[in-house]
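Reader: I should be grateful for a close look at a single part of this structure, namely its aromatic pairs and the helices around them. Please set that part within the chain as a whole.

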Amino acid sequence: MMTDRWEPAAFKSRVDEVVRRFVAQEADRFAAIDPLLGPVAEQVEAAVAEGKRLRAAFCYWGWRAVGQPDSDALVRAAASMELVHAAAVVHDDLIDDSALRHGRPTAHVALRGAVRGRPRAAAAARSLAMLVGDLLMALAGQLFTTSGLPAAYLARARPLWSVMARELVAGECLEILRTGAGPDTTASLKVVRYKTAKYTVEQPLLIGGALAGAGARLRDGYSAYGLPLGEAFQLRDDLLGLFGDPERTGKANADDVRGHRPTALLAETWRLAQDADRERLHALLGRRRLDADALDAVREVMRRLRAPDRVEAMISARVEEALGALHELDAPAHADAALTALARSAADRLR
């Protein structure tokens with residue numbers, strides 16, 4: 001059992017055990033339907049194998065900050081947030097056509113082997129990956145409802161699942177609809193808020209709080225803390241997406257530029273650029289294939305315009321806003337300390 005002292009490694013181990021055991025059992029049941037389903041079941045398990053378990057942690061501390069004690073049932077409920085994340089990642093990698101995640105082939109790439117030699121094999125692999133994501137989302141709801149928490153507690157939180165799903169899908173749709181459009185920092189930050197910030201920090205906190213019976217003031221405080229922190233999390237991800245070391249991030253660092261995605265980093269670069277730099281960026285981003293030299297040229301323009309510094313400042317401002325909101329909550333000392341540490345790790349992470 002957890003103590004009042006926040007021990008991230010110990011918590012991660014508890015969540016890992018819940019997630020891996022539950023998904024392994026469900027993957028076995030799925031594969032038992034037909035031997036052909038084996039590779040799909042493997043990708044269901046692979047999708048939950050890695051992660052810092054931040055979303056589960058925010059749900060857990062959303063509960064603890066109300067004054068509720070640690071419990072294994074609560075950890076199971078919080079772990080369901082990691083299955084939501086796994087589903088979102090599988091779908092996001094598919095939408096973005098990303099080839100790597102945690103240093104391994106993404107689901108739609110790995111599943112090509114299951115359909116090799118079949119008609120329209122690449123499309124079939126992508127379809128299988130889409131269904132992996134769908135199954136993971138269904139399993140998230142199953143883990144939550146069978147967590148062992150009282151039915152009355154679960155009923156308080158259940159409406160928030162619909163909100164979380166609606167906002168997550170809206171964010172993904174907005175990113176698709178904004179891709180290739182004129183860079184706009186405000187529009188990019190809206191994508192960040194709905195695609196990542198809400199389901200990463202705010203909604204897990206609110207779900208944990210709802211399970212515990214949090215009052216209106218605490219719920220408002222969770223949003224005031226969670227939204228800017230979730231935005232800082234994704235802004236860091238955008239920086240790592242282009243300037244991070246793939247050996248450490250486990251992801252290809254050219255996907256955002258190659259996909260001309262509506263990141264705040266690109267929008268800020270465009271805002272700061274003069275005509276000559278905009279022409280250069282337009283030519284580079286308009287290429288069907290960006291080689292290493294072209295990517296370095298994009299980075300050089302961004303650095304010269306100090307766009308990464310601007311995004312760093314945006315991250316710092318949002319973390320400070322989140323911490324200010326947190327300290328106004330007058331949460332129990334152990335919860336305040338844990339949520340402070342989580343804020344730092346979410347914004348300063350290397351992957």
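**Aromatic pairs and their surroundings**

Author: In this predicted model, a search of the whole structure finds seven aromatic pairs. One of them joins W6 and F11: the ring centres are 5.4 Å apart and the planes meet at 55 degrees, so this pair is classed as tilted. W6 has a relative accessibility of 15% and therefore counts as buried. F11 is buried as well, with a relative accessible area of 2%.

F11 takes part in a further aromatic pair, with Y60. Here the centres are 5.0 Å apart, the angle between the planes is 55 degrees, and the arrangement is again tilted. This pair links distant parts of the chain, since F11 belongs to helix 1 (residues 8–31) and Y60 to helix 3 (residues 54–64), with their positions 49 residues apart in sequence. Both F11 and Y60 are buried. Taken together, W6, F11, Y60 and W61 form one aromatic cluster.

Helix 1, which carries F11, deserves a closer description. Helix 1 comprises 24 residues and reaches 33 Å from its first C-alpha to its last, close to the 34 Å expected at 1.5 Å a residue. Besides F11, the buried residues of helix 1 are R14, V15, D16, V18, V19, F22, V23, E26 and A27. A general point helps in reading such a list: an α-helix has 3.6 residues a turn, so residues three or four places apart point the same way. The cover over the buried residues of helix 1 includes helix 2 (38–46), helix 3, helix 4 (72–96) and helix 6.

Three of these neighbouring helices can be followed further. In helix 2, the buried residues are G38, V40, A41, Q43 and V44. Their cover includes helix 1, helix 5 (107–110) and helix 6. Helix 6 (residues 121–145) contains L128. Leaving aside neighbours within four places in sequence, L128 is in contact with V40, L111 and V115; V40 is one of the buried residues of helix 2. L128 itself has a relative accessibility of 23% and so counts as partly exposed, given that buried means under 20%. L128 and G244, by contrast, are 116 residues apart in sequence and 30 Å apart in space, taken from C-alpha to C-alpha.

Helix 4 holds D92. With a relative accessible area of 11%, D92 is buried. When residues up to four places away in sequence are not counted, D92 touches R101, E172, E175 and K195. In the loop between helix 4 and strand 1 (100–101) lies D97. D97 has a positive phi of about 55 degrees, although D97 is not a glycine. The relative accessible area of D97 is 47%, which means that this residue is partly exposed.

Another residue may be set beside D97. R306, which is likewise not a glycine, has a positive phi near 60 degrees. R306 is found in the loop between helix 14 (292–304) and helix 15 (307–327). Its relative accessibility is 53%, so R306 counts as exposed, the cut-off for that class being over 50%.

An aromatic ring also meets a charge elsewhere in the chain. The charged end of R156 sits over the ring of Y153, at 4.5 Å from the centre of that ring.

These details may now be placed within the whole. The secondary structure of the chain comes to 16 helices and two strands. The chain has 351 residues and a radius of gyration of 21 Å, which agrees with the value near 20 Å for a compact globule of that length. Along its principal axes, the C-alpha trace spans about 60 × 55 × 30 Å. Buried residues make up 52% of the 351 residues. The chain exposes about 15800 Å², and carbon and sulfur atoms supply 53% of that area. Of the contacts in the chain with a separation of 6 or more, 76% are between residues 24 or more positions apart. The pair of F11 and Y60, at 49 residues apart, illustrates such a link between distant parts of the chain.

Definitions and conventions. Residues numbered from 1 in each chain as written. Predicted model: local features only at pLDDT ≥ 70, side-chain atom pairs only at ≥ 80, totals over all residues. Heavy atoms only, no water. Helix = DSSP H or I, 4+ residues; strand = E, 2+ residues; numbered from the N terminus. Buried < 20%, exposed > 50% of the residue type's maximum accessible area, 1.4 Å probe, protein only. Contact = heavy atoms within 4.5 Å. Phe/Tyr/Trp six-rings, centres within 6.5 Å; stacked < 30°, edge-to-face > 60°. Lys NZ or Arg CZ within 6 Å of the ring centre and 35° of its normal. Rg over C-alpha atoms; globule rule 2.2 N^0.38 Å. Areas by Shrake-Rupley, 256 points an atom, 1.4 Å probe, with all protein chains shown as cover. Expected span 1.5 Å × (residues − 1).
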